Amino acid sequence: MRLRLVPEKTEIDFFRHYKVFLGASILAMIASLALFLIMGLNYGIDFRGGTLILAETEERRPVAEFRAVLTDLDLGEVAVTEVSDPAGTARNAVLMRVGITGEDPDAQAEIVAAMQDALNAAFSTISYLQVDSVGAKVSGELVRAGVMAILTAIVAILFYIWLRFEWQFSVAAVAALVHDVVLTIGVFSLLQLEFNLAIIAAILTIVGYSLNDTVIVFDRVREILRKFKKTQLVEVLNLSINETLSRTVMTSGTNLIALFALYFLGGEVIRGFTFAMIWGIVFGTYSSIWVASSILLQLGVK
């Protein structure tokens with residue numbers, strides 16, 4: 001007996017209130033853009049430049065002690081946060097960030113060495129789990145590369161869908177992808193979570209996942225359109241989504257189980273990435289049903 005999260009045959013009317021969902025999505029995108037313009041993103045070391053050290057001690061020590069040690073070195077902006085890593089070996093870990101320290105690699109190395117010497121003198125049992133250092137020039141290049149990666153992926157997808165389907169499918173699919181990317185940036189701006197290269201990787205993964213969901217629905221729409229040429233488009237879309245609903249729920253559900261495990265047990269280092277993936281899968285599934293299909297219904301296709 002096979003496991004089913006939804007009945008084998010469903011007759012849900014997904015388009016009874018589709019204008020409400022589409023309107024809510026447009027408002028959410030506007031709000032996300034407003035948050036980005038007003039609050040901006042909490043860029044990580046990858047994009048701002050600077051030095052990051054993840055360290056642990058045998059005994060729990062207040063973050064104020066770490067901050068005081070680094071502040072005395074007069075290196076500029078200093079941020080120290082306590083890190084939770086319940087599944088790993090880092091039981092008393094702290095994440096220390098220092099602002100831009102210049103472009104000279106030798107100078108960067110000297111500053112990292114000075115930080116470690118000061119921390120070793122203050123905490124006899126300290127050990128280092130991660131040390132990263134990025135200059136301002138490199139961080140600027142990473143920002144441009146990240147933006148270009150997302151834009152190139154979206155344009156390539158637009159071209160691919162246009163070749164495989166009619167142009168209405170292409171516009172609807174890309175609109176859904178833009179919706180997912182904008183909402184992901186919006187939630188990172190709202191919560192001020194660290195935005196780094198791992199989040200760019202998560203966004204590109206979200207784009208691929210959302211596209212896969214959308215293409216599966218659109219493939220079924222095209223099959224049914226060829227079979228029932230006089231059936232209204234809204235009925236075709238409803239039938240297509242209902243026929244693929246079991247697959248959609250099963251795929252999204254199993255992915256979310258793994259991602260929630262990583263989020264709660266994977267430690268602080270990958271928490272931002274897994275949060276972006278969870279958010280992207282939930283809204284990628286939503287956009288495949290209510291954004292892409294609703295736009296296709298508005299554009300019409302024969």
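This passage describes the nonpolar cores and a nonpolar surface patch of the structure. The model is predicted, with local features requiring pLDDT of at least 70 and side-chain atom pairs counted only at pLDDT 80 or more, while totals for chains, interfaces and linings use all residues. Residues are numbered from 1 along each chain as its sequence is written, and side-chain values use heavy atoms, with hydrogens and water left out.

The largest nonpolar core (a set of buried Ala, Val, Leu, Ile, Met, Phe, Trp, Tyr and Cys residues joined through side-chain atoms within 4.5 Å) comprises 56 residues. Buried denotes under 20% relative accessible area, exposed over 50%, and partly exposed in between (1.4 Å probe, protein chains only). Ile 161, Phe 169, Phe 188, Phe 195, Phe 218, Val 221 and Leu 296 have the most contacts inside this core. At least two of its residues are supplied by each of helix 1 (18–39), helix 5 (136–164), helix 6 (167–191), helix 7 (197–227), helix 8 (233–265) and helix 9 (271–299); helices are DSSP runs of H or I, at least four residues, numbered from the N terminus. Helix 7 gives the largest share, 14 residues.

With residues up to four places away in sequence not counted, Val 221 touches Phe 169, Val 236, Leu 237, Ser 240 and Leu 296, where contact means heavy atoms within 4.5 Å. Another core, of 16 residues, lies apart from the largest one and includes Phe 66, Leu 75, Phe 123 and Ile 126.

On the surface, Ile 38 of helix 1 counts as exposed because its relative accessibility is 72%.
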